[in-house]
Amino acid sequence: MNNSAGYLTKLVNELLDYIRIEKMGFALKCEDIDIIERLRSILFNFSDTVRNNNLKLEFSSEFNHAIVSADISALDKILNNLILNAVKYAESQISIIISGSGKETIAIRFINDGAIIPEKYREDIFKPFVQYQEGANVQKSGVGIGLPLARNLAMMHQGDLELADEPRTCFILT
């Protein structure tokens, strides 16, 4: 019962966040954040979930540290959503790779070996309430608000979130 209540609370909060951004805007409170340190911290919080789903998680970065100006709450929403989606849809493997040119340009790739999203659906999954599900893992929780919210928040930071045309499912956050 507690899990269901927590899940519903999370969904309602995501929906409210999305509506606030779409209708009223959202004031970012940016500060310098070491995105590698932040990502490692969030990944640590997912370690039990990754292990319980028999997944292998690889994390790599070209940098030891990368400072970005971001709203920590918004950044956490983006990173948590992308990691959660990778965990939900991966068959056995998740890779998270940070590359770029330091503070000027950072790209984080969230790659999993789950079902590939066909090209014709790649933009649709960034629309509210749209989910693409295929194969044996069709019964996934969620309502399709996380990716639109994550993309909007990324764009508010002068970045983007896209689904790459690659042999595995790969979301790129810049």
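Modeller: Before we start, helices here are DSSP runs (H or I) of at least four residues and strands are DSSP runs (E) of at least two, numbered from the N terminus. Please keep in mind that this is a predicted model.

Biologist: Thanks! In what order do the elements of the protein run from the N terminus on?

Modeller: There are 5 helices and 7 strands to place. Read from the N terminus, the order is α-β-α-α-β-β-α-β-β-α-β-β.

Biologist: What share of the residues in the protein is buried?

Modeller: A residue counts as buried when its relative accessible area is under 20%. The protein has 174 residues, and the buried share is 41%.

Biologist: Let's look at α2. Which residues in helix α2 are buried, and within what arc do they fall?

Modeller: Helix α2 covers residues 35-45, and Ile35, Ile36, Leu39, Ile42 and Leu43 are buried there. Glu37, Phe44 and Asn45 are exposed on the other side of α2. Looking down the axis of α2, the buried residues line one face of the helix because they fall within an arc of 125 degrees.

Biologist: Which residue caps the N-terminal end of α2?

Modeller: The backbone nitrogen of Ile36 has a side-chain oxygen 3.1 Å away. That oxygen, which caps the N-terminal end of α2, belongs to Asp34.

Biologist: Is Asn45 buried or exposed?

Modeller: Asn45 has its place in helix α2. Its C-alpha is 9.7 Å from that of Asn80, although the two are 35 residues apart in sequence. The relative accessibility of Asn45 is 57%, and the cut-off for exposed is over 50%, so Asn45 counts as exposed.

Biologist: How do α2 and α4 pack: roughly parallel or oblique?

Modeller: The axes of α2 and α4 are 11 Å apart, at an angle of about 50 degrees. The crossing of α2 past α4 is right-handed. Roughly parallel would need an angle under 35 degrees, so α2 relative to α4 is oblique.

Biologist: And α4 with α5: roughly antiparallel or oblique?

Modeller: Helix α4 (residues 72-89) packs with α5 at an angle of about 140 degrees, their axes being 9 Å apart. Their crossing is left-handed. An angle has to be over 145 degrees to count as roughly antiparallel, so α4 relative to α5 is oblique.

Biologist: On to charged side chains. How many salt bridges does the count come to?

Modeller: The rule asks for a side-chain nitrogen of Lys or Arg within 4 Å of a carboxyl oxygen of Asp or Glu. One of the pairs is Asp48 with Arg51, at 2.3 Å from N to O. By this rule the salt bridges number 8.

Biologist: By about how much of a helix are Asp48 and Arg51 separated?

Modeller: Asp48 is partly exposed at 44% relative accessible area, while Arg51 is exposed at 52%. An α-helix has 3.6 residues a turn, so residues three or four places apart point the same way. Asp48 and Arg51 are 3 residues apart in helix α3 (residues 47-52), so their separation is about one helical turn.

Biologist: How far apart in sequence are the parts that Arg122 and Asp165 tie together?

Modeller: The side chains of Arg122 and Asp165 form a salt bridge of 2.9 Å, N to O. Arg122 lies in the loop between β5 (106-112) and α5 (146-156), and Asp165 in the loop between β6 (161-163) and β7 (169-173), so the pair links parts whose distance in sequence is 43 residues. Arg122 is buried at 12% relative accessible area and Asp165 exposed at 64%, but the separation you asked for is 43 residues.

Biologist: Which residues do salt bridges that share partners join into one network?

Modeller: Asp160 and Arg151 meet in a salt bridge of 3.7 Å, N to O. Asp160 is partly exposed at 27% relative accessibility, whereas Arg151 is buried at 14%. Shared partners give one network of Glu123, Arg151 and Asp160.

Biologist: One last thing: near what value is phi of Gln158?

Modeller: Gln158 has its place in the loop between α5 and β6 and is exposed at 72% relative accessibility. Phi of Gln158 is positive, in a residue other than glycine, with a value near 65 degrees.

Conventions:
Residues numbered from 1 in each chain as written. Predicted model: local features only at pLDDT ≥ 70, side-chain atom pairs only at ≥ 80, totals over all residues. Heavy atoms only, no water. Buried < 20%, exposed > 50% of the residue type's maximum accessible area, 1.4 Å probe, protein only. Arc of directions from axis to C-beta. Polar contact = N/O pair within 3.5 Å; in protein donor to acceptor, adjacent residues only side chain to side chain. Axes fitted to C-alpha atoms, helices over the stretch in contact; angles between N-to-C directions. Parallel < 35°, antiparallel > 145°, perpendicular 65-115°, else oblique. Left-handed = near helix turned anticlockwise from the far one by under 90°.
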